[in-house]
Amino acid sequence: MQIDYAAVAPELVLTGALCIVLVVDLVLPDNRKGLIMPVSLLGVAGTLLALLALAGDPTRTTLGGMFVVDSFAVTLKILFCVAALLTLAMSYDYLRKEGIHQGEFYFLLLCSLLGMLTIASSRDLLPIFVSLELVSVPAFVLAGLQKIDVKSNEAALKFFLFSILSTAVMLFGMSLIYGITGTTNLAEIAVRLAATPVLRSIAVLSVFFVVVGFGFKISAFPFQWWVPDTYEGSPVPVAAFLSVASKTAGFVGLLQIMFIAFHGLADVWRPFIAAVAILTMTFGNLVALTQRHIVRLLAYSSIGQAGYILLPLAVVNVNGGSVNHEAFAASIAYLLIYAFMEMGAFSVAVAYGREGGYFIDDYAGLGYRAPGLAVVMTVFLFSLAGIPPLAGWAAKLFIFRAVIDGHEYWLAVAMAVNTVIALFYYAKVVRRMFFEPAGDGPLGVKVPLLLQATIAVSTVMVLLVGILPDLAAHLARMSTLV
Amino acid sequence: MDFLAHWGLTLSVFLPIVGAALIAFTPKEQEKTIKFLSLAFTFLPLVVGVLLLRVYHIGMTGMQLETNRSWIPSIGARYHVGIDGISLPLLELTLLVTFLCAIYSLKWLPEPHNPKGFLALMLLLETGMAGTFIALDLVLFFIFWELVLVPMYFMIGLWGGPRREYAAIKFFLYTLFGSVFMLLGFLALYFRASPHTFDVLQLQRIGPSLPSGIQNLIFLGMGIGFAIKVPMWPFHTWLPDAHTEAPTVGSVLLAAILLKMGTYGFLRISIPIMPHAARTYAPLIGALAVIAIVYAALNCLAQTDLKRLIAFSSVGHMGFVMLGIATLTQIGVNAAVFGMVAHGVITGMLFFIAGSIHERYHTREIPQLGGMALRLPILGGLLAFTAIASLGLPGLAGFWGEVLALLSSYNPLSALSSHTFRVYMVAGGIGTVLTAGYLLWMIQRVNLGKVPAQWEGKKLVDVQPLEMVAWAPLLLLTLGLGLFPRLIFDVTTHSVIGLTKLLGG
């Protein structure tokens, strides 16, 4: 079998970097472990360069059609790399301060990233499954890295157990599909499912199993129970990575399977997805209202956001066409924008967490003690809430647009109501920061340089895409698979 | 001149946001620089606004000074702006009132003292408000519309009265609730139109031929957004809180300009694009309008807080505007636009005065005031003048909007039931009597009578020169528009005729 090495170059670069990180960790003395960060950063940057070299090329297919590099794959891989870069920059000072095993951390993070890269190229159930595991397994360990912290242990254990269970269900679903169709190739599955209407009921069952599996990864209701505890217990940069990159990886797998392999059964699963999406956003937003811990608030908010991203799947048309294209593009555009606003909010949480700001109560008066930090936090929160002219607004517009294009007016109304509920808790944090007098906390918050960089990048992207939404919309439309 | 014709509108709308950015990068200790910047960047847009009058052709129907550029091609939204006779007066009003607020803020800034934040937000607000009146693309309109929310939220929540946090979040949530439905309406309109477009002018050609069921549904969705902003009864409950708690400048801008965004939305978007639905809903809108008039007047009679009284009176005055719009006639819509401008001028002025009274007495409770004409004759005189203008005395600006709105409901669009509207007219007429009642009673309690013992021997300063400078344009307009209503009607009539033609009037 011929391998197109250009197509897998980014993955090869990253694998190389992984090995180097592992070796460097072995040879470095304990007090110099921080150096692994720049090495990892270079590795991801190299991967990013290799990806950019692939951008704009015609589609490449290799490894017997399992591995495809098209604009969809390249766009999402770039997004994963950027998310990883931001996470790395966010982690450096955090890990040194918390005394977390730095060598292991960076190695595991890059492993997880490798899984994300391959899932974006997988057009076959097998590599999708393997990639998804590669994303998750290192993440279990990452979540539990603060070994002596009970909450971190709980985070890892919950994450692990839920993940294993859902993976088993998903794998069962996949095996059923293989049993019916005799193939694991996504496009081929669609063809054979259409040709064998007799086994439709089993096909539907397997679709449900697969969706359940992904529901865990993307934290959809009712598979979201692990999220708040895991995010809270994990090191905060890990929570950021999980909520952005890992969730996006789940969506990437789900979108590929639903749009390519299962769209022929859309009539059956559409109402189910619609219900899951609405329940997910409603649950996330309602529970977020009661949160007092900032990371838990962001966790529930990210559940709400997952509901929005899922919603366009509820308008998928059996016969394909422009509605599917728009729905796919809307989800991708939301993922692109979501990454930056979520990373930004988590960066601020990391920055202020250094000074002991874990609870929303701690944010009281931040607007007076550290106005800059409070203003950018406001930008991220209002962007998540969907207030124009910030990027999150454009993201919601694309979702609304796709849903209304599919004539699902009630779903759009449900999401609109959710947007209003969500504003309440985002504004709650903003209110604490600005409307309450500065407490006894110290004046000014020292933000390390690298963290400043992640915040700056996120802010610029949120503002830029907010004013010129076409940057995200155009990219998303280029990067659909239907 | 050519540059002005193409980019003048854009300039007048975006200059304030430039000013806001400059202020954001000025250290907060340099208060003089900050105040100068706020003054300069509200004055420059006003200058541009006045120059625009020279290139604007008053006798022409249709949009002028248009700019239409590509913006978000992948969803079909464009940067399309322009003005006609309906938006021009509102744009000029926005530019003027914000400049006056900047003058007022030179000396009087609300507590906690933070000119940097306050003035930057005010400039941001100006961009949102002015932009709403020139946007001719639904997505662009929506952005400007929402741009207003955040600055106003902070203005109320940071610099407001005792119940500021409650008022701020209530304002925010209410308006957002309305605007998400408005957005859904916009999107539904987009997909129903063929070819798909967000362009208001194109939609005005395509929209009327949409099936009536669809029109009714979309009109309702958008209507919620606009009605909350106006605010129409029963969506008005955010307003008394927001107005009362907001700092003086915030109340002035809310009353003078923000409320007009709602009525403007009806005139620019809902009615011309969906004339069938407009005819269907007109009786309902009219009914809600007269309920608002009477309800607000009764509420005003019960108020003891001066600012809250003025706030409720806004509900009533906007009721007259909506009644004029609901008739769907040339006279009614003209009256509505006139009423919008007049209300902006008069109620803006009333909120300035209420702010100044609070500045001096540190209370706005009407029973605790009294005898103000004795202690502060100029301020008392201005309050009486403005309140009388507000109740619609002939010769002052408040008269034309109200009387023509009532007059037009005697004879609404032929498709509407004239019986119904005549009932509205009578109810509205009773409302005017009540309005006169509560305003005169307010003047009596505040201005006349004995000075309460607690103010004896206290030093109270009458109107200061800077206040006079900030207020003079509004006072002159109150008189000028009252005596020469043609100043507005000449500008509006042609565009209003264009609008009512779409309705089959």
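1. Let me start with a pair in chain A: the side chains of E188(A) and R192(A) meet in a salt bridge, at 3.3 Å from N to O. A salt bridge here is a side-chain nitrogen of Lys or Arg within 4 Å of a carboxyl oxygen of Asp or Glu. Both residues lie in helix α7 (residues 186–195) of chain A, four residues apart, about one turn of the helix. Helices (H or I, at least four residues) and strands (E, at least two) are DSSP runs, numbered from the N terminus. E188(A) is partly exposed at 30% relative accessibility, and R192(A) is partly exposed at 31%. For these labels, buried means under 20% relative accessible area, exposed over 50%, and partly exposed in between (1.4 Å probe, protein chains only).

2. A word on the ground rules. This is a predicted model, in which local features need pLDDT of at least 70 and side-chain atom pairs count only at pLDDT 80 or more, while totals for chains, interfaces and linings use all residues. Residues are numbered from 1 along each chain as its sequence is written, chains are lettered from A and ligands numbered from 1 in the order in which they are written, and side-chain values use heavy atoms, with hydrogens and water left out.

3. The other salt bridges deserve a look too, as the structure holds 25 over all chains. E326(A) pairs with R477(A), the closest N and O atoms being 2.7 Å apart. That pair links distant parts of the chain, with E326(A) in helix α13 (residues 322–353) of chain A and R477(A) in helix α19 (residues 470–478) of chain A, 151 residues apart. E326(A) counts as buried at 13% relative accessibility, whereas R477(A) is partly exposed at 24%.

4. In chain B, D490(B) forms a salt bridge with R486(B), with 3.1 Å between the closest N and O atoms. These two are four residues apart in helix α20 (residues 486–502) of chain B, so about one helical turn separates D490(B) from R486(B). D490(B) is partly exposed, with a relative accessible area of 31%, while R486(B) is exposed at 58%. Back in chain A, salt bridges that share partners join K151(A), E154(A), K158(A), D229(A), E232(A) and R296(A) into one network.

5. Now to the interface. The contact (heavy atoms within 4.5 Å) takes 32 residues from chain B and 36 residues from chain A. About 3200 Å² is buried between the two chains, and carbon and sulfur atoms give 79% of that. Buried area is the accessible area (1.4 Å probe) that two parts lose on being put together, summed over both. S74(B), L184(B) and F191(B) supply 17% of the area that chain B buries against chain A, more than any other three residues.

6. Which residues make the salt bridge between R431(A) and its partner in chain B? R431(A) pairs with E165(B), the closest N and O atoms being 3.2 Å apart, and the rule finds one salt bridge across this interface. On the chain B side, β1 (64–72), α5 (138–147), α6 (149–159) and α7 (164–192) each supply at least two residues that touch chain A. Of the chain B side, α7(B) gives the most, with 17 residues.

7. Helix α2 (residues 36–54) of chain A is nicely consistent: at 1.5 Å a residue (times one less than the number of residues), its 19 residues should span 27 Å, and its end C-alpha atoms are 27 Å apart, which agrees. Its buried residues include I36(A), M37(A), S40(A) and L54(A). Seen down the axis, the buried residues fall within an arc of 160°, so they line one face of the helix; the arc is that of the directions from the helix axis to the C-beta atoms. On the other side, L42(A), L49(A) and A53(A) are exposed.

8. Finally, some backbone details worth checking by eye. A cis peptide bond joins E111(B) and P112(B), with omega about -5°, and another joins S194(B) and P195(B), with omega about 0°. L63(A) has a positive phi of about 55° although it is not a glycine; its place is in the loop between β1 and β2 of chain A. L65(B), also not a glycine, has a positive phi of about 50° and sits in strand β1 of chain B.
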